[in-house]
Amino acid sequence: MDAVPYLALVSALAALGLAAYYYKVVESASPGNDRMVFLMTEIQKGARAFLKQEYTWVSGFVVVMAILIGVLITPPAALTYVFGAFLSASAGYVGMTVATMANARTTEAAKEGPAKALPVAFRGGAVMGFSVAGLALMGLMMVYIVFVKWIEVDQAFEVVTAYGLGASSIALFSRVGGGIFTKAADVGADLVGKVEAGIPEDDPRNPATIADNVGDNVGDVAGMGADLFESYVGSIIAPIALVAFAGGLAASQAGDANVLPFMVFPMFIALIGMVASILGSFFVKGGDSTDSGALSRALHMGTNVAMGLTGVGTILGAFWIFNDSTLFEHPIGFAVSVIGGLVVGWALGKTAEYYTSDHFGPVKKIADQTKTGPATTILGGISAGMISVAASVTLLAVGIGVAYWGGEYALGDTVGNFGGIYGIAVAAIGMLATTGVVVSVDAYGPIADNAGGIAEMAELDPSVREVTDALDSLGNTTAAVAKGFAVGSAALTALALFKSFEFAISDAGGTLNLNIGEVSVFIGLFLGAMLPFLFAALTIDAVGRAAQEMIEEVRRQFREIPGLREGKEGVIPDSARCVAISTKASLKEMVIPGALAVVVPLVIGFISVNALGGFLAGALVTGFCLAIFMANSGGAWDNAKKYIEAGALGGKGSESHKAAVVGDTVGDPFKDTSGPAMNILIKVMTIVSLVFASAFV
């Protein structure tokens, strides 16, 4: 059992080895003709320039937080905080690099059909997926082995938790900054290009097209990678922190016969999930059909195999780890908790697929509503997103109930309700155990989207765009599925971290009263319920302001550059200006929303820990619901547009298409800026509260 952390570290290194292998496979594929290589290089240059500036800005925040942690908590925690931030940023940069390399190669492969194109896009995404999972698990195991097992530092578990806070800090700014960049460019390109100028998506005449494609990589790849990195780390840390703070453990007690199984079980699940993801990735193979159902089955095969292997491994591991102590009455109970989380994560993903795929009623209904204009289109998308919240919350409630029961069944009533809370914590790992393959499938989407853009800008045969559009449409659904996993795990992880916060306050000599009849708790509850709405408003408003500037610039170029709108030979748009607009706007606009997540809980915590408890509870509930609503509304609008572009209701250029484009531009900041950042928001606030708990008291 002592070997589990080391084995988990080896599995992380194996994942990084697989990422390196897939990188070489993608690199060896042909990037196409000179025009395609030029476009690929321009997108890559823009993405690199943005990430360099973004990380420069965020590094200042990281330094300030590291000093605070070093002074108020302990210097080793400041070190692990910086380490977590560095690895999270590195994962995003690696993913962006390979995604901007795989896009043109996917376009070139699409000339031969989906059987060639899908594996290229997936392997490009797999570099991201296994870099994220590998770096996250490697870093966490190194921190645990060094600070808990070897050195046995004071406040060891604050040191471990600080690693997760470092990952969260980068994730929040990457998601918000990248999301503002990509959606400002996307909205600007669509509204002027498709609606006003009547030119196709990704047309080379549109100055915002390159910026739009850059945005896919900095928002949907680098931002998403940092998001899942943080989610994965948080899900493993949550049960470890729960055990540590519940018992007031020092590092030297972590090897106790009754404590050690609780500590290593989350690491074992991560180990099994990593091995299962590596094996599952080899089952993704493309077919000859562009039918989205066939493509979906091919792409999800890897995820399904990984989930099955993880379930079997978890059952075996529960009996191995928990069978040696009389404390555990029925070890199978913890396996039930984990598998329950895995199944609920899958079900949340399937719910998202139902509400966002053009194979099902909700998207077809929205498409039908475009016949009466943009207003009914927007109403349809909003209602679909809201209805999806009911289904998702019900699933989450079932998952929490099953996980709690499993933990209680495993421990009996020997330690109060701790078994149930621990069951909920490990259920979150179940949702994200297969992060390697889940992120691979998610990162595939932006690569396919970029591939379509390059096909259009390089003026390739329409049959190539037909293949890339089929891949891209599926990418919207896979992204919604991954967001379902991420936000579901966020709710369970935040719940476990919240309980850890309660134990940490008690351990530090304070008390946490969560009675809503207490005025401070009641005030905190309302403040917490309000903050996700304020956060969403700030990020959507930021996209609106940046998009406004982008729209004016595209209009100016069409107006002032002779022959640009007509496509006169030799006349090219000033794409660099549009990239600069998105870069400047996103960096400026990400600061306030990002800082809110850290500053507000600190301020409330130093005033009243009871108010902070209510605040975290309110933010958790409304943040989860808003995240689901925004992600599914946005995905539904996007695929309703693509459904029409595929030929339904008059196809491209029709009045229905114009209404669908308006709906899609409303949905863009919903699904790619505000919605995905919600799950980071609720975890950042909870983990900040946990790390600084002793300082509050």
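In which helix does Ser-440 lie? Keep that residue in mind while we look at the whole chain. The model you have on screen is a predicted one, and its fold is built from 20 helices with 0 strands. The radius of gyration comes out at 24 Å, close to the 26 Å expected from the globule rule for 697 residues, so the chain is as compact as a globular protein of that length. If you turn the C-alpha trace onto its principal axes, it spans about 75 × 50 × 45 Å.

Let's go inside next. Of the 697 residues in the chain, 66% are buried. The contacts tell you about the spacing in sequence: taking those between residues at least 6 apart, 85% join residues at least 24 apart.

On the outside, the accessible surface amounts to about 22200 Å², and carbon and sulfur atoms account for 64% of that area. As for charge, the chain carries 38 positive and 57 negative charges, and the mean positions of these two sets are 7 Å apart.

Now back to our serine. Ser-440 belongs to helix α13, which covers residues 435–457. Its relative accessibility is 0%, and because buried means under 20%, Ser-440 counts as buried. And which residues does Ser-440 touch, leaving aside those up to four places away in sequence? The partners are Phe-122, Gly-125, Ala-126, Gly-129 and Phe-130. With these in view, you can follow the contacts of Ser-440 from helix α13 to residues such as Phe-122 and Phe-130.

How values were computed: Residues numbered from 1 in each chain as written. Predicted model: local features only at pLDDT ≥ 70, side-chain atom pairs only at ≥ 80, totals over all residues. Heavy atoms only, no water. Helix = DSSP H or I, 4+ residues; strand = E, 2+ residues; numbered from the N terminus. Rg over C-alpha atoms; globule rule 2.2 N^0.38 Å. Buried < 20%, exposed > 50% of the residue type's maximum accessible area, 1.4 Å probe, protein only. Contact = heavy atoms within 4.5 Å. Areas by Shrake-Rupley, 256 points an atom, 1.4 Å probe, with all protein chains shown as cover. Lys, Arg positive; Asp, Glu negative; His and termini not counted. Charge placed at Lys NZ, Arg CZ, Asp CG, Glu CD.
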